[in-house]
Amino acid sequence: MLDSLSASLKDALKKLAGKTVVDRAAVDELVKDLQRALISSDVNVKLVMELSKAIRTRSLDEQPPKGTNVREHVLRIVYQELVRLVWASTDVKLEPQTILMAGLQGSGKTTTTAKIARYFQKKGMKVGVICADTFRPGAYDQLSTLCLKINVPCFGDPQGQDAKRIVREGLVALKDLEVIIVDTQGRHALEADLIQEIIDLNKLTKATHRWLVIDAALGQQASEQARRFHDAIGIDGVIITKMDGTAKGGGAMSAVAETKSGIVFIGAGETVENLERFDPDGFISRLLGMGDLRALVEKAEEAMNADEMDINAMMKGKFSLRDMYKQLEALNKMGPIKQIMSMLPMGNMQLPEGVYDVTSTKMVRYRIIMDSMTGAELDEPSLITSSRLQRIARGAGASPEEVRELIKYYKMMQRTLKGLRGASGGKFNMQRLMKRFSGMQ
Amino acid sequence: MFGGLRERLQGARNRLASSIGAAATSQADAAGTDAIAATAPDAPVLPSLAEKVRIFVVDRELVVSEKDISAALSDLEMTLLESDVALPVSDAIIANVRAGLVGKHRKIGESVDALVVRALKSALLAVLGKGFNLTEYIKTHDRPVKILFTGVNGTGKTTTIAKIGSFLKERGFSVVIGAGDTFRAGAIEQIDVHAQRIGIKIIQHQAGADPSAVLFDTVQYANSHKIDVVLADTAGRFHTKANLMSQLEKIKRIMKPDLVVYVDEAVAGNDAVVRAAEFERTIGADAVVLTKADMDSRGGAAISIAHTIGKPLMFLGTGQAYSDIIPFSPAEVVDELLGGGA
């Protein structure tokens, strides 16, 4: 489903590609696809409408800067508007502080609490954790087990009923530590007594930060919940959890817009190490289901690094395994080749489907196999005879079939590049395209 | 939980009804003038119009055209999207309603409202299916009935098991719980406390043990003690983790559950569709439990999931107490959504 969605978004972008003036119909279509993409990523519907209105107005009213084409112009606006929404300053300062965790049931507060403790600990801070979840059975066991693994003191009372008392005692017990994180019970905005409890906890702890934990899968409800939490305790940062699934985290975007704060961390995985600082580019790419938007926005010249790949040789159809190796290496960081190809202004040109058919695991295998080749083989793949092939396979711990598959893939890539050269027919600047291609990496 | 959706749907229904009503008036006007024009030599121009007139005059019916309702339908689409019905699902519902309305002949005098409600109702019922009566199922199947609970992290599997355990115990069934979440810290303690509170036997190994073994033991226990129902907890897992999904397949192979219940939360957005489809594809699901329904008055996820995997909703979790669980009955919900009227 989403693939078709991002495909239509890309189609809309392609339609803008050749244009010299901003075409109202094309912009409208793009905005419509953008709306669908954002809505299926769970961004609040009202927010999407406001956002797309701003994008439409700006795209049509603003003059494209000199030297950029219409597509780059519109994309830049899309990017800027999206970043404006999620990118508030959320510096995590390494200084003594108290952090109060808030969120719905099952959003991952306790796991995230341990992850944040680990984050500060790794930065050399003295960290302590208070378990103020007196409701859910096993909550204290869970937090103390996680804390034990990373050697962080965890204060709590599995038998206690009064969260305020535990926190009061905890603050005293942990007063020598620099960073104190208070994990609270899951609650939602309609539970008035629990909201009152967190207001009290906020007063009691005089928390430096009040972070709202949002499940990446949370839907339209995110805005409402975030607003209520914000009204109650003044949320100053949002943490998105469970980003290792397929959810896009649009709910967190709504929450950020609602609380006028920023996204602090992203949780993606079940161990205490799986916590990342927020990166707007990656987040937006995921939201829209397309490749790195900023790479698209930055002009080809800025991103260009022609040394990486011998463009002229490739133009002549000399595309060696070595080039492919570099490509795979870069692709590893960039995402599947399909995404990269889709960023290129190639109009409606169709590439053979098989080119895309390389999964990331396969790419890793391919690189390992290529590591077992000699320099000469990399430069001149036709050297690879069956005995060489056997040797490569043994060296890489791969089967000869795998090596053959790699060579087949290489030949397909080579053909594709030759085909590109043929199809271009001077219609657009091939040199520029290839520069871009390498620039992307 | 469907309160919000109800308000919205009724709004949409009013809009649809009024736009059809308006179309009807204009058709009536047109028919009036045409009737006069018919006496003139170059009578009715458009055959479709003539057809309309014929239907209007002879059959005393009106035809609903696509144009009459398109604005109202896009309102309805917004309504569904804002209620967390996933995009592909709301597309399907809109198409269904459109198909149910466009081209339909309506008797003059039959209320517009009735027509709209019927279309909406059939569209929603088509999506929500029949529901699932667990007690009936247990009564009609060989004991022990083994129920395996699956789902992604943090949807409330463990709490749901406690609730269902207490629900079944109240209805006179004997129950045993298998603490199959051996991964998450504190999970065994959590379900152990629940089991003690509701007075149900629990089978557990230590943390990190093979969940298949725990659940196998649970089934063995149920067999030898003539227990009616086995409730098998599992660790939350994402459908993207291949090894965890194959662990689940192993569990399924070993404990041979009669029912696989997929647990998700009512507040989930579009991803609900993706992961439900993936769970259904890999290990299958026979019924769905939707938790945290008290958080969200809209309930779009129920519609999304039911539409995607076509499996009945069994229970709604509506709070933190053991009694906060209600059997789901689609017809009642749809009636309530559309105000029961007509």
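Mentor: A residue is buried if 20 or more other C-beta atoms lie within 10 Å of its own. We will use that cut-off on this model, which is predicted.

Trainee: Which residues point each way from strand 8 of chain B, and are they buried or exposed?

Mentor: In a strand, list the side chains by the way they point, then check each for burial. From strand 8 of chain B, Ala287(B), Val289(B) and Thr291(B) point one way, while Val288(B) and Leu290(B) point the other way; all are buried. Because five of the five residues of strand 8 (residues 287-291) of chain B are buried, the rest of the structure largely encloses this strand.

Trainee: How many bridges join strand 7 of chain B to strand 8 of chain B?

Mentor: To read a pairing, look for the bridges and then for the direction of the strands. Strand 7 (residues 259-265) of chain B is joined to strand 8 of chain B by five bridges, and the two run parallel. One place to look is Tyr262(B), whose bridge partner in strand 8 of chain B is Val288(B). Between these strands the chain passes through helix 11 (residues 271-282) of chain B, in a β-α-β crossover that is right-handed. Strand 8 of chain B also runs parallel to strand 9 (residues 313-317) of chain B, with three bridges joining them. There, Phe315(B) in strand 9 of chain B stands opposite Val289(B).

Trainee: In what order do the strands of the open sheet in chain A stand?

Mentor: Sheet order is read across the strands, not along the chain. In chain A, an open sheet of eight strands has the order 3-2-4-1-5-6-7-8, and its pairing is mixed. Strand 3 (154-155) and strand 8 (275-277) of chain A are at the edges with a single partner strand each, so each has one side without a neighbour in the sheet.

Trainee: Which strands pair with strand 4 of chain A?

Mentor: Take each partner in turn. Strand 1 (residues 97-103) of chain A pairs with strand 4 of chain A in the parallel sense over four bridges, and Gln97(A) has Val179(A) as its bridge partner. Strand 2 (residues 127-132) of chain A runs parallel to strand 4 of chain A and is joined to it by six bridges; Val129(A) stands opposite Ile181(A). Strand 4 (residues 179-184) of chain A is mostly covered, with six of its six residues buried.

Trainee: At what angle does helix 9 of chain A run to strand 5 of chain A?

Mentor: For a helix on a sheet, note the strands involved and then the angle. Helix 9 (residues 221-233) of chain A lies across strand 1 and strand 5 (209-215) of chain A, at about 165° to strand 5 of chain A.

Trainee: How many residues of domain 1 of chain B are in contact with domain 2 of chain B?

Mentor: For two parts that touch, count the residues, then ask which elements supply them. Chain B is assigned domain 1 (3-128) and domain 2 (134-328). Here 14 residues of domain 1 of chain B are in contact with 14 residues of domain 2 of chain B. Helix 4 of chain B gives the largest share of the domain 1 side, four residues. That side of domain 1 of chain B has ten nonpolar, three polar and one charged residues.

Trainee: How many residues of chain B are in contact with chain A?

Mentor: The reading is done in the same way between chains. 38 residues of chain B are in contact with 36 residues of chain A. On the chain B side, the largest share, five residues, comes from helix 8 of chain B. The residues on that side of chain B divide into 16 nonpolar, twelve polar and ten charged.

Technical notes:
Residues are numbered from 1 along each chain as its sequence is written. Chains are lettered from A and ligands numbered from 1 in the order in which they are written. This is a predicted model: local features need pLDDT of at least 70, side-chain atom pairs count only at pLDDT 80 or more; totals for chains, interfaces and linings use all residues. Domain bounds come from an automatic or database domain assignment. Two residues are in contact if their C-beta atoms, placed from the backbone, lie within 7 Å. Ala, Val, Leu, Ile, Met, Phe, Trp, Tyr, Cys and Pro count as nonpolar, Asp, Glu, Lys and Arg as charged, and the others, Gly among them, as polar. A residue is buried if 20 or more other C-beta atoms lie within 10 Å of its own, exposed if 12 or fewer, and partly exposed in between; C-beta atoms are placed from the backbone. Two strands pair if DSSP finds at least two bridges between them. A crossover is right-handed if, with the strands pointing away from the viewer, the path from the first strand over the helix to the second runs clockwise. Axes are lines fitted to C-alpha atoms, for helices over the stretch in contact, and angles run from 0 to 180 degrees between N-to-C directions.
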